[in-house]
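Reader: I am new to this structure and would like a close look at a single part of it. Please take one helix, and then show me how the charged side chains around the chain pair up.

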Amino acid sequence: MEKGRVTLPSEENYYDETMAVAKKWKADAIRDSDGTKLDKQIKNSGLKIYNAYFPTRAHNDFIQEHMEECPQIYLMSDRILSKETSLTIAFMKTYYPDQLVPNYRDNPKKYWEVIDRTTGEVIDASLWTIDQEQHRVMIKETTPWHEYTVSFLAYIIWDPVEMYNHLTNDWGDKEHEIPFDALQPHSHQFIWERQ
């Protein structure tokens, strides 16, 4: 096979560089990248052209009406040392609030865990409460000099790939693209209707 099975990413103003790499690597296709466009010259290069398609993001008008269908992730707070018999953990402290928000919608007492990491014991839900405004968990009856964590569910409200590209490329005030979970009912229907 003389060329094929290599697709190169490219964007505007990189025709010469793209074609040089395509020739060296014997690429048969070129694609655009998140947030980029291809030159007309590249589109007319004779190589296959692919465009990025994001079926589960870049439709904020839809997902803002169904934020409960954003993808979710389990996260863990930092390990915090208890010096007394009670402890407060600011569990979102090390996470980026523009990307993640805690899921308080689904019962945290059922789906979250507070764990004594020194012993491995899961703390009974009756011994902790949540301050949703401050994203904190207050734990009673802790053991001094033991470390504790909070494991919690959070919604991903800014697509991680788009967030990386947005910050790396300094896209400024471009609206953050909110992802959605294709397995959820409204999202599933929306994707099928847009095909």
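Author: What follows starts with the chain as a whole, turns to helix 5, and ends with the salt bridges and one strand residue.

The model is predicted. The secondary structure consists of six helices and 12 strands. The radius of gyration is 23 Å, well over the 16 Å that the globule rule gives for 195 residues, so the chain is more spread out than a compact globule. Along the principal axes, the C-alpha atoms fill a box of roughly 70 × 35 × 35 Å. Of the 195 residues, 37% are buried. The exposed surface comes to about 12400 Å², with 49% of it supplied by carbon and sulfur atoms. Of the contacts between residues at least 6 apart in sequence, 64% join residues at least 24 apart.

Now the helix. Helix 5 covers residues 160-168, and its buried residues are Glu162, Met163, Asn165 and His166. Viewed down the helix axis, these buried residues fall within an arc of 170°, so they line one face of helix 5. The general pattern behind this is that an α-helix has 3.6 residues a turn, so residues three or four places apart point the same way.

Both ends of the helix can be described. At the N-terminal end, Asp159 acts as a cap, with a side-chain oxygen 3.2 Å from the backbone nitrogen of Val161. After helix 5 comes Asp170, which has a positive phi, near 50°.

Asp159 and Glu162 also appear in a network of charged residues. Salt bridges that share partners join these two with Arg57, Lys174 and Glu177. The cap residue Asp159 and the buried helix residue Glu162 are thus both members of one network.

Such pairing has a simple basis: side chains of opposite charge can pair when their charged atoms come close. The whole structure holds eight salt bridges. One of them joins Arg79 and Glu147, whose closest N and O atoms are 3.0 Å apart. This pair links distant parts of the chain, 68 residues apart: Arg79 sits in the loop between strand 4 (72-76) and strand 5 (80-81), while Glu147 belongs to strand 12 (residues 147-156). Arg79 has 43% relative accessibility and counts as partly exposed. Glu147 is also partly exposed, at 29%.

Another salt bridge is formed by Arg136 and Asp131, with 3.1 Å between the closest N and O atoms. Arg136 is partly exposed at 32% relative accessibility. Asp131, at 17%, counts as buried, because the cut-off for buried is under 20%. A further salt bridge pairs Asp106 with Arg105, the closest N and O atoms lying 3.7 Å apart. Here Asp106 is partly exposed, with a relative accessible area of 25%, and Arg105 is exposed, at 58%.

Strand 12, which holds Glu147, also contains Ser151. Ser151 is buried, with a relative accessible area of 14%. Setting aside neighbours within four places in sequence, Ser151 is in contact with Leu75, Met76, Trp112, Glu113, Ile115 and Arg117. Strand 4 runs over 72-76, and two of the contacts of Ser151, Leu75 and Met76, carry numbers in that range.

Notes. Residues are numbered from 1 along each chain as its sequence is written. This is a predicted model: local features need pLDDT of at least 70, side-chain atom pairs count only at pLDDT 80 or more; totals for chains, interfaces and linings use all residues. Side-chain values use heavy atoms; hydrogens and water are left out. Buried means under 20% relative accessible area, exposed over 50%, partly exposed in between (1.4 Å probe, protein chains only). Helices (H or I, at least four residues) and strands (E, at least two) are DSSP runs, numbered from the N terminus. The arc is that of the directions from the helix axis to the C-beta atoms. A polar contact is a pair of N or O atoms within 3.5 Å; within protein, one must be able to donate a hydrogen and the other to accept it, and residues adjacent in sequence count only if both atoms are side-chain atoms. The radius of gyration is taken over C-alpha atoms; the globule rule is 2.2 Å times the number of residues to the power 0.38. Contact means heavy atoms within 4.5 Å. Accessible areas come from the Shrake-Rupley method with a 1.4 Å probe; for residues, only the protein chains shown count as cover. A salt bridge is a side-chain nitrogen of Lys or Arg within 4 Å of a carboxyl oxygen of Asp or Glu.
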